[in-house]
Every structure is written in C-alpha cells, then in structure tokens.
Amino acid sequence: MLHQTCDLGPIRAVTASITPTEAGCEAQFRLDGRADAIVLPRKAQPERMDNLWKTTCFEIFWQPIGGSSYREFNLSPSGRWAAYDFDSFREGMRDAPVAAITVDCSHDESGLVLNASIAAKLPDPAQVALNAIVEHEGGDLQFWALAFPPGKPEFHSEACRQMIVERA
C-alpha cells in the first residue's frame, strides 16, 4: 500500500514476494507504472553501501517472532546493497554479516522488476516487511509497504512486518 501522505505519481502499484532458501532468501519487487518517470540509480559495482534509501530502493525487514532484534536489507536497482542488524527499534545499528547478496534489475516503459538473492543466516519463523521507496523526477518520495503505523512513514516499525515467513 502507498502511504496516505504520498501522491500516486507515475508508479501505480508495487508488488513483492519473498521465499526462504537454505542459504537465506530470494525476493522480488515489481513496480507497475512509468519507470522512465522515476529516479533510478545507475548500474554500479555490486557492493555494500550506506544511504541507499535516499532514492529509489527496496527494503526487507526480518525479525524473529517474539524477538526485539531485527535485520534490515536495502536493495538498490544499481546493484548495490546494505544490511544492518538492530537490537531493538532503531537501537544498536551495525553492519549485519552477509555471505553474499546479488541484485538484478530490469525495467521498461511498463515498470521495473528487481530480483535479489540473499545469502545470510536468517532466523525463522520470522515477521517480515517488504517495502519500497520510489523517488519521482522532481525529488518527491513515495513510500510503499504491506502496512504502516499511524503517522509518518516508518519502515522500522513492527507494524510494517505483516508477513510471516518460515522454512517448510
């Protein structure tokens, strides 16, 4: 869902899915709409990088059920990524250990698809959030999530983690 304070703009819908794997997880994010009318970071060397959320970016929050700690992944259409561990709500932030992350992104006049493969230890069962930040050409940001807490868009809120994921 699009946060209530955001204008619809060129992207009309966001869908996302996640599948746990033996190594970690695989995720897909899809933007439906005019991808040519949003800001897309240029393809770059795949590497860990901070502040990816300041422009078009996709996020996964992964929290063990019953726990207060959580992991955040930021996935950029550029191929860059970030992974952070938190002890509790925005507390104790540090780089998370990750074996590997690969990000593949393609787009055309009808939308964008980002696929990510994450090799990292991920507890299960877990509460998971799948989020998108979309920057418009004028600099405005759209915030998309499964759910939002009341007030401003806050992806770190447990209210956003509406999906339960566990390995079969």
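Visitor: Which backbone oxygen does the side chain of H3 reach?

Guide: The backbone oxygen of G151, at 2.8 Å. Keep in mind as we go that this is a predicted model.

Visitor: Where is H3 found?

Guide: Look in the segment before strand 1. Leaving aside its neighbours within four places in sequence, H3 is in contact with F143, F148, G151, K152 and P153. So G151 appears both among those contacts and as the partner of the H3 side chain.

Visitor: Does one call H3 buried or exposed?

Guide: A residue counts as buried if its relative accessible area is under 20%. H3 has 3% relative accessibility, so H3 is buried.

Visitor: Let's turn to cores. Why should I look for nonpolar side chains together?

Guide: In soluble globular proteins, such side chains tend to be buried together. In this model, the largest nonpolar core has 35 residues. Those with the most contacts inside this core are I18, I60, W62, F73, L75 and L114.

Visitor: Which elements give two or more residues to this core?

Guide: They are strands 1, 2, 3, 4, 5, 7, 8 and 9. Strand 9, residues 126-135, gives the most, with five residues.

Visitor: What does L114 touch?

Guide: Not counting residues up to four places away in sequence, L114 touches A27, Q28, F29, F58, L75, S76, P77, V103, D104 and C105. Apart from the largest core lies another core, of 13 residues, and its members include Y70, A129, I133 and A145.

Visitor: Now the rings. How many aromatic pairs does a search of the whole structure find?

Guide: Five. To read a pair, look at how far apart the ring centres are and at the angle between the planes; under 30 degrees counts as stacked, over 60 as edge-to-face, and the rest as tilted. The rings of F29 and F58 have their centres 5.0 Å apart and their planes at 35°, so this pair is tilted. Because F29 lies in strand 2 and F58 in strand 3, the pair ties together parts that are 29 residues apart in sequence. Both F29 and F58 are buried.

Visitor: What angle lies between the planes of F148 and F155?

Guide: The angle is 25°, with 6.0 Å centre to centre, and the pair is stacked. F148, which we met as a contact of H3, counts as buried at 16% relative accessibility. F155 counts as buried too, at 7%.

Visitor: Which residues form one aromatic cluster?

Guide: F61, Y70 and F86 do. Y70 also has a charged partner: the charged end of R161 sits over the Y70 ring, 4.6 Å from its centre.

Visitor: Speaking of charge, why would two charged side chains pair?

Guide: Side chains of opposite charge can pair when their charged atoms come close. A search of the whole structure finds seven salt bridges. In one of them, R71 and D85 meet at 2.6 Å, N to O. This pair links distant parts of the chain, with R71 in strand 4 and D85 in strand 5, 14 residues apart. R71 is buried, with a relative accessible area of 12%, and D85 is buried at 13%.

Visitor: Which residue forms a salt bridge with R48?

Guide: D95 does, and the closest N and O atoms are 3.6 Å apart. D95 is in strand 6 and R48 in the loop between strand 2 and strand 3, 47 residues apart. Here D95 counts as partly exposed at 49% relative accessibility, and R48 is partly exposed at 29%. Another salt bridge joins the side chains of R34 and D36, at 3.6 Å, N to O. R34 counts as partly exposed, at 47% relative accessibility.

Visitor: One last stop. Where does D124 lie?

Guide: In the loop between strand 8 and strand 9. D124 is partly exposed, with a relative accessible area of 35%. For a lesson in sequence versus space, compare D124 with P20: they are 104 residues apart in sequence and 9.0 Å apart in space, C-alpha to C-alpha.

Visitor: What is D124 in contact with, leaving aside its neighbours within four places in sequence?

Guide: V165, E166 and R167. With R167, a polar contact of 2.9 Å joins the two side chains.

Methods
Residues numbered from 1 in each chain as written. Predicted model: local features only at pLDDT ≥ 70, side-chain atom pairs only at ≥ 80, totals over all residues. Heavy atoms only, no water. Core = buried A, V, L, I, M, F, W, Y, C linked by side-chain atoms within 4.5 Å. Buried < 20%, exposed > 50% of the residue type's maximum accessible area, 1.4 Å probe, protein only. Helix = DSSP H or I, 4+ residues; strand = E, 2+ residues; numbered from the N terminus. Contact = heavy atoms within 4.5 Å. Polar contact = N/O pair within 3.5 Å; in protein donor to acceptor, adjacent residues only side chain to side chain. Phe/Tyr/Trp six-rings, centres within 6.5 Å; stacked < 30°, edge-to-face > 60°. Lys NZ or Arg CZ within 6 Å of the ring centre and 35° of its normal. Salt bridge = Lys/Arg side-chain N within 4 Å of Asp/Glu carboxyl O.
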